[in-house]
Amino acid sequence: MICMFFSKFSIILGSLVFLATPTGGPTFRGSAAFLYTKKAVSYGERPSGSEAISRLREWIVSELKPLKGELSLDSFTGQTPAGPVPMVNIIYKFSGSSGKAIAVSGHYDTKRIPMVHFVGANDGGSSTGFLLEFARTVSAMKHRDDIYIVFLDGEEAVATWTDTDSRYGSRHLAAKWLSEGVVPRIKALINIDMIGDKNLDLSNDGNSSQALRNQVKQIAARLGDSKYFRSEEGGIEDDHLPFINAGVNAIDLIDLDFGPGNSYWHTAGDTIDKLDAHSFQVVGDIVLQLVKELDGQS
Ligand SMILES: [Zn+2]
């Protein structure tokens, strides 16, 4: 993504324990999201079309399958400056009964950076780990709306970030959902990116839906998490924008201030030691509450 204005491998899934929240239902576990992220990072550099991202995808699918949702692999070819690249969005749907839908998305590819061993713990890894734990949480939750968990491929530019060299997966899926009539059913799409930073300060994105920004702000205030949000407004270009352009009510939750002077962003410094389970917990609690409110539960 780009900003226009500023610059525990063996997760014990065999013995899942769903902790009750005050309002009932399962909780999001930041520690589990962190461990899923660590596992994703262990696949190494994971650019679109690579052998590593194929293996990562197989693992993501194997983790999703027991959750009793509906898996679809949305395969397409990204026409990149380096030629055609095979890409796959992983879409996991938990069906509801209302006819409406809520989507939670993030990207699982990492940027290919020549001569740099870039493992994208935060950028590509944290969204992957977050979405796996969020899927696990939703699988144990009552909901009226369809809830889509979407792992997007091809967020990163292959050469230089432009409207046509970036966000291949979200552009593809927004067009597909528009043509299939899914867009009018979507109440909201919440995109997650780079949320694992120990020093969490989420952007105040002026490109996101104002209604969702207000709702997130209110939830964060209630949870005592306002301190994790920046006050000054920026304009973020990320995977939410193709959906907004298609008419979807969408928000991006991203911390694009990673390390001193953003020096860990798109560098070899984006490693797991810069991340903290607590940051996943903060974002997970907010997104879970947002999804519940959108679903009409509270
Ligand atoms: Zn990136």
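How many of the residues of β10 are buried? In this predicted model, the answer is 5 of 5, and the strand is accordingly described as mostly covered. The sections below take up confidence, the strands around β10, the zinc site and some individual residues.

## Confidence of the model

The protein chain has an average pLDDT of 93, and 91% of the residues score at least 70. Residues 6–22 are a stretch where pLDDT stays under 50, although the model has 34 contacts for them beyond four places in sequence. Where pLDDT is low, the predicted coordinates should not be read in detail.

## Strands β4, β6 and β10

Strand β6, covering residues 186–193, has 7 of its 8 residues buried, so the rest of the structure largely encloses it. Strand β4 (residues 101–107) runs parallel to β6 and is joined to it by 6 bridges, with Gly106 of the pairing standing opposite Ile192 in β6.

Strand β10 (residues 250–254) also pairs with β6 in the parallel sense, here over 5 bridges. Within β10, Ala250 is the bridge partner of Leu189, while Asp252 stands opposite Asn191. In a regular strand the side chains alternate between the two faces of the sheet. In β10, Ala250, Asp252 and Ile254 point one way, whereas Ile251 and Leu253 point the other way, and all of these residues are buried.

## The zinc site

The zinc ion is coordinated by an OD atom of Asp123, by two OE atoms listed for Glu156 and by NE2 of His266, at 1.9 to 2.8 Å. Why is the arrangement of the 4 donor atoms irregular? The angles that they subtend around the zinc ion run from 52 to 151°, whereas a tetrahedral assignment would need all angles to lie between 85 and 135 degrees.

Along the sequence, the donor residues follow the spacing D-x32-E-x109-H. Asp123 and Glu156 link distant parts of the chain, since they are 33 residues apart, with Asp123 in helix α3 (residues 121–139) and Glu156 in the loop between β5 (146–152) and α4 (168–179). Both of these donor residues are enclosed: Asp123 is buried because its relative accessible area is 0%, and Glu156 counts as buried at 4% relative accessibility.

## Ser209 and its surroundings

Ser209 is located in the loop between β7 (202–205) and α5 (210–223), and with a relative accessible area of 13% this residue is buried. The side chain of Ser209 reaches the backbone nitrogen of Leu212 at 3.1 Å. Leaving aside residues up to four places away in sequence, Ser209 touches Ile244, Asn249 and Ala250, and Ala250 is one of the buried residues of β10 described above.

## Two loop residues with positive phi

Lys68 is not a glycine, yet this residue has a positive phi of about 65°. Lys68 lies in the loop between α2 (51–64) and β2 (70–80), where it counts as exposed because its relative accessibility is 75%.

Met115, likewise a residue other than glycine, has a positive phi near 70°. Met115 is found in the loop between β4 and α3, and its relative accessible area of 85% makes it exposed. The two elements that flank this loop have appeared earlier in the report: β4 is the strand joined to β6 by 6 bridges, and α3 is the helix that holds the zinc donor residue Asp123.

Conventions. Residues numbered from 1 in each chain as written. Predicted model: local features only at pLDDT ≥ 70, side-chain atom pairs only at ≥ 80, totals over all residues. Heavy atoms only, no water. Donors = N, O, S within 2.8 Å, 3.2 Å for Na, K, Ca; no water. Tetrahedral: all angles 85-135°; square planar, octahedral: opposite > 155°, others 65-115°. Helix = DSSP H or I, 4+ residues; strand = E, 2+ residues; numbered from the N terminus. Buried < 20%, exposed > 50% of the residue type's maximum accessible area, 1.4 Å probe, protein only. pLDDT = per-residue confidence, 0-100. Contact = heavy atoms within 4.5 Å. Pairing = 2+ DSSP bridges. Polar contact = N/O pair within 3.5 Å; in protein donor to acceptor, adjacent residues only side chain to side chain.
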